[in-house]
Structure formats: C-alpha cells, structure tokens
Amino acid sequence: MQNTDLKIFNTLTRTKEVFKPVNPPFVGMYVCGPTVYNHVHLGNCRTFISFDIVYRYLLHLGYKVRYVRNITDVGHLVNEEEMTGEDRIGKMARIEKLEPMEIVQRYTNGFHDVMKQFNALPPSIEPTATGHIVEQINMVQAILDNGYGYVSNGSVYFDTLKYAKNHKEFGRLSGKIMDDLQVETRDLKGQSEKRHPADFAIWMKAQPEHIMRWNSPWSVGFPGWHLECSVMSTRYLGDKFDIHGGGMDLQFPHHENEIAQNIGACGHAPVNYWMHTNMLTVNGTKMSKSLNNSVLPGEMFTGENDVLAKAYDPMVVRFFMLQTHYSSTLDFSDEALQAGEKGFRRLMEGYKTLQSLQHKNGKVEESEDQAVTEECQACYEHMNDDFSTPQALAVLFGLVTRVNTYKDKGGVVSSISKETFDRLNKVFRDFIEDIFGLKEEEGADEEVVDGLMQLIIDIRQSSREKKDWDTSDKIRAVLKELEIQLKDGKDGTSWTKA
RNA sequence: GGUCGCGUGGCCGAGCGGCUAGGCAGGGCUCUGCAAAAGCUCGUACGGCGGUUCAAAUCCGUCCGCGACCUCCA
C-alpha cells in the first residue's frame with residue numbers, strides 16, 4: 001500500500017534518511033530502558049511509547065524486528081562525575097533497608113505494569129546489566145587490549161582523548177567538540193584518577209560501603225553505566241545493527257560514550273540510525289526525577305496529582321502523545337489533556353461507527369472514491385515520513401468526518417467501491433489497533449455502573465407496579481445475558497454480577 | 001560562557017517557499033419531540049524589524065523571549 005520509503009531522522013547525520021536495514025527483513029532495534037531505582041514517570045513513558053510506535057510500525061511493514069530494551073539495575077551513579085557517587089540502586093536499597101535486587105524487582109514490576117496499561121508491546125529481549133557482568137568485563141578487556149582504556153587505582157577509564165585523535169567520531173552524535181569539552185574542565189573531587197575530564201569509567205572499583213560488587217581483573221567493583229548498553233546491544237543485535245533509540249537527554253554523554261566504547265572494542269560504529277525522542281515538559285520545564293516535578297502514570301490515571309484536575313485513562317494519554325511528533329517537546333496541561341480526551345473519543349466513536357456501516361454496490365462517485373483512496377494512502381505516507389503520527393491522525397480525523405456522514409445518510413455506503421470501503425476499514429484497523437496501539441478506555445467506573453443499575457431497577461419496579469410483566473421480565477432477561485443477576489427481595493431489588 | 005532547538009489563531013499542535021493540517025473551545029445553520037451526537041459553516045495565526053523572491057509562517061540577517069544539552073535524568 002505504501003508508495004514511499006520509510007524515512008527516519010538520523011541524529012548522526014541530522015537528516016531524514018531512507019531506512020535500509022543491514023539484513024532485511026530483519027531489523028535490530030535497541031532502546032535505552034529505565035534505571036529501576038524509582039517509579040517511572042510520564043516523561044520516561046513518552047519515550048517508550050514513541051518507540052512502541054516505531055516498533056509497531058516496523059512490524060506492520062513486515063519487518064522481523066528484534067527489539068531490545070534494557071533494564072539498568074547497576075552502575076548508574078547518583079553523580080557520575082564524582083568518584084563519591086553512589087549507585088542509584090544501592091542508595092535506594094540502603095534507604096529502604098532492602099536488598100538491591102528487591103528494589104530492582106519492585107520497580108521493574110511497576111514499569112511493566114505501566115507499560116501494559118499504556119498498551120505498549122513488550123520488547124523481544126529485556127536484558128539486565130547485572131545479568132551481563134561477564135560480557136561487560138570482556139568488553140573492558142577488549143577496550144584495554146585496543147589501547148583505549150587505562151587502569152587507575154583499580155578503576156578502568158576510557159581514554160577519550162586518544163580515541164578522539166584516532167577516530168573523528170567523538171562528538172559527532174551530540175555535536176560536541178573535543179576542545180570545548182577540555183575548556184569545560186572543572187575541579188571536581190576524584191577527578192585526579194582521570195587523565196582527561198571527558199574520560200569516563202568503564203569499570204569502577206567499589207568503595208567499601210558499596211553493596212553491589214563483582215570480581216574483575218582490576219578490582220572488586222562494578223561496571224560503568226555507559227558500558228551496559230554497548231555490551232547488551234552487541235550481544236543480542238550484533239556489532240552493527242539498525243536503530244538505537246533513547247531520550248534526547250541521553251545523547252550526551254551516554255550515547256556518545258556508547259559509540260566510543262563500541263568503536264574502542266570492535267573498531268567500527270555500532271548503529272546506522274540513531275533516534276532521539278524529545279522531552280515531556282510541565283509548564284515549559286522538562287519533567288525530571290531530579291527536579292521533582294514528575295507526575296507518575298498511576299497518579300495520572302487516578303487523578304491524584306497536583307498538576308492535573310482530573311483522572312485520564314492511559315489510552316487518552318497515549319493518544320495525547322501521538323498528537324505531537326516524537327521529536328518535539330510536549331507540554332502537559334489539563335486543558336490540553338481534556339481536548340485530547342474528547343479527540344480520542346471522537347476517533348474511537350468514528351471507528352465504531354465505521355464498523356457498523358454496510359457496503360452496497362451502486363453508483364460509485366469517482367471523485368469521492370479517489371479522495372478516500374488517497375486519504376487512506378496518506379496515512380501510511382505520513383508514517384513513512386519519520387513516523388509522523390500527528391499528520392496521520394489528522395488524516396484519520398478527516399476520514400472520521402466521512403464515516404459520520406455515511407452514517408447520517410443511512411449507514412449504507414454505495415458511493416465508493418467495495419474495494420475502497422474495505423481499504424477504509426483496513427486503514428482504521430491497522431492504524432488504531434496495530435500501529436497506534438489504541439483501544440477502548442477501561443470500562444465505566446463503579447459509580448456509573450451503580451447509577452445505571454439503580455435507574456434500571458427503578459424503571460423495572462414501576463413496570464412491575466403496573467403489572468407490565470413483559471417489560472420487567474425483558475429487563476431481567478437481558479441483564480442476565482450480561483451476567484447480571486437481579487434479586488427481588490422484600491426490601492426491594494438488588495443485583496450481583498453472576 | 002559553548003552547542004543545539006523553539007516561538008503558529010482562546011488552548012494544544014502539524015506544516016517549513018505558492019495549495020483547508022488536525023483536535024479542543026467559541027459563533028451561525030441543518031437534522032432530531034427536547035437534549036446530546038452528527039453534518040455544514042464562520043471568525044480570530046504564523047514573536048519584532050529588515051532582506052532575498054513574481055511569491056515567505058516556510059529561506060537569510062538581526063533583535064526579543066523560551067527551552068534542552070554541556071553534571072544524574074527517557
């Protein structure tokens with residue numbers, strides 16, 4: 001159905017490029033997952049939902065995608081720059097008096113629950129850093145063997161200066177210039193172990209109080225944060241794969257260092273297409289764990305937060321995010337969310353309406369038939385243009401108007417051909433269910449159901465009083481089909497779910 | 001300070017040289033017992049100032065405002 005090629009904006013080249021997998025029909029995609037020392041917030045979710053769309057669309061195009069998204073459960077320090085930095089997991093374990101792995105398990109579970117609520121497909125592989133200590137040690141050794149690392153007081157650092165001299169790559173992804181970074185030199189604690197401020201630890205010697213520690217040729221310690229992604233992507237996708245994604249805030253230094261490690265170990269760049277999603281903001285400022293302006297998904301779904309006036313269904317939030325391109329910042333506000341909620345419902349109602357329409361062969365209006373065909377096609381072409389969900393959505397809304405018009409005119413469609421009618425149905429199903437991953441909001445809440453049941457019982461009661469048994473029995477019978485059992489007692493009627 | 005990006009109508013948000021984005025909100029109309037829904041329709045835009053061009057929201061310069069990264073964050 002697509003006439004155009006899929007184009008992806010590649011951070012490396014800062015241009016949209018036609019997507020050509022290394023080994024079609026297989027596609028390897030790696031996305032930096034969460035560090036599970038705390039709840040994921042909505043900003044984190046935005047990134048994962050964005051890549052869920054990428055994953056879904058690639059699958060829709062027929063690619064065999066291996067989607068790897070890691071769980072960081074060690075090595076991510078509270079302050080990377082200072083040697084005194086404490087491991088994030090270890091810190092929470094100490095504070096909450098739990099095993100580090102209990103922390104990891106708790107927040108991993110929470111993360112999975114949230115992703116499920118957002119209807120995000122699970123990745124093909126979800127590796128953990130602690131599960132790949134051996135591989136990480138091996139990569140540190142490879143980097144040392146190639147002369148791009150040095151041991152200092154039991155820790156191993158990446159020799160950024162030497163790497164930058166031999167490979168022009170350093171700074172390319174993030175647009176940094178090595179000389180600027182030198183100027184950035186600041187007098188920080190523990191920096192003495194490093195030869196250059198831009199050097200970073202690939203293996204760190206554990207301080208005595210550090211809980212998470214492993215044996216290595218250099219010290220009892222733990223792997224550097226940037227290393228795990230290099231190792232796990234290589235392990236599962238090979239040393240040259242298609243797409244690497246993550247939030248924009250990981251571009252530097254995390255992804256830049258990742259490239260350096262891969263080149264340092266394997267001699268060539270690991271990734272063809274780098275994709276970065278933009279930030280979620282609250283009142284114009286980035287949502288961030290460290291800024292304490294986070295809204296948690298759970299708080300959003302229940303409405304218990306300081307930012308928003310009411311609760312929003314996960315599907316509404318997902319839809320809301322799709323209205324903005326992944327590369328733009330997205331600001332959360334109550335007004336915008338409410339508009340999104342109505343828009344979402346309009347779309348879903350339109351989808352339902354479409355499914356209720358009948359096609360009948362008749363006189364085909366050529367221009368209309370052609371317009372519908374073109375609009376259907378446009379949805380795919382917008383997705384092919386760097387996953388432009390807002391534009392695809394706009395076209396879909398245009399089609400919703402058509403669908404509603406068909407319904408107004410009696411629900412029988414004959415002005416477009418059967419083929420076009422079927423295509424229209426396919427586009428809605430493809431986009432709403434497969435590509436956008438949208439589904440109906442969770443069932444009406446208890447309060448509404450209770451209210452409805454009381455109303456039905458009241459109506460039935462008045463028909464019983466009029467001895468209108470046909471009506472009262474019909475109500476009881478239909479409810480029974482819905483697995484609701486009415487119980488007529490002395491004190492009135494109650495109901496239970498069968 | 002360095003690097004990058006952004007400023008679009010009441011709100012959100014696409015577009016990025018000529019052609020209606022879209023959603024929400026507001027006005028009018030149609031339909032319907034009423035209401036809602038739905039359809040049709042209307043209005044208010046491209047931060048300021050210059051420049052390039054037959055033509056600029058879209059390119060260039062400049063000024064103003066905002067943000068991100070440069071330190072942990074998706």
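Start by selecting Leu280 together with RNA strand B: a backbone N or O atom of Leu280 sits 3.1 Å from a base nitrogen of the strand. That pair is a polar contact, meaning a pair of N or O atoms within 3.5 Å; within protein, one must be able to donate a hydrogen and the other to accept it, and residues adjacent in sequence count only if both atoms are side-chain atoms. Before you go on, note that this is a predicted model, in which local features need pLDDT of at least 70 and side-chain atom pairs count only at pLDDT 80 or more, while totals for chains, interfaces and linings use all residues. Residues are numbered from 1 along each chain as its sequence is written, chains are lettered from A and ligands numbered from 1 in the order in which they are written, and side-chain values use heavy atoms, with hydrogens and water left out.

**Around the RNA**

Now pick Thr47, where a polar side-chain atom lies 2.8 Å from a base nitrogen of RNA strand B. Asp408 is a good next click: one of its polar side-chain atoms is 2.6 Å from a sugar or linking oxygen of RNA strand B. To see which elements give two or more residues to the surface near the strand, colour α1 (42–60), α6 (178–183), β9 (241–247), β12 (285–286), α11 (334–356) and α13 (389–408). Helices (H or I, at least four residues) and strands (E, at least two) are DSSP runs, numbered from the N terminus. Which element gives the largest share of this surface? It is α13, with eight residues.

Select everything near RNA strand B (a heavy atom within 4 Å of it), and you have 52 residues, of which Arg88, Trp225, Gly247, Leu250 and Lys286 come nearest. They divide into 14 nonpolar, 23 polar and 15 charged. Here Ala, Val, Leu, Ile, Met, Phe, Trp, Tyr, Cys and Pro count as nonpolar, Asp, Glu, Lys and Arg as charged, and the others, Gly among them, as polar. Turn to the RNA side: of its atoms within 4 Å of the protein, 80% belong to sugar or phosphate and the rest to bases.

**The parallel sheet**

Next, show the open sheet of four strands, β4-β3-β9-β10, with parallel pairing. Two strands pair if DSSP finds at least two bridges between them. β4 (64–69) and β10 (271–277) stand at the edges with a single partner strand each, so one side of each has no neighbour in the sheet. Zoom in on β9 and β10, joined by six bridges, and find His244, whose bridge partner in β10 is Trp274. Then add helix α7 (residues 225–237), which packs on the sheet and touches β3 (26–31), β4 and β9; contact means heavy atoms within 4.5 Å.

**Two buried charged residues**

Go to Asp52 in helix α1. Is Asp52 buried or exposed? Asp52 has a relative accessible area of 0%, so it is buried (under 20%; exposed is over 50%, partly exposed in between, with a 1.4 Å probe and protein chains only). Its side chain makes a polar contact with that of Arg318 at 2.8 Å.

Finish at Lys194, in the loop between α6 and β7 (200–205). Lys194 is buried too, with a relative accessible area of 13%, and its side chain reaches the backbone oxygen of Asp199 at 3.0 Å. Display Ser152 as well: 42 residues from Lys194 along the chain, its C-alpha atom is 7.5 Å from that of Lys194.

How values were computed
Axes fitted to C-alpha atoms, helices over the stretch in contact; angles between N-to-C directions.
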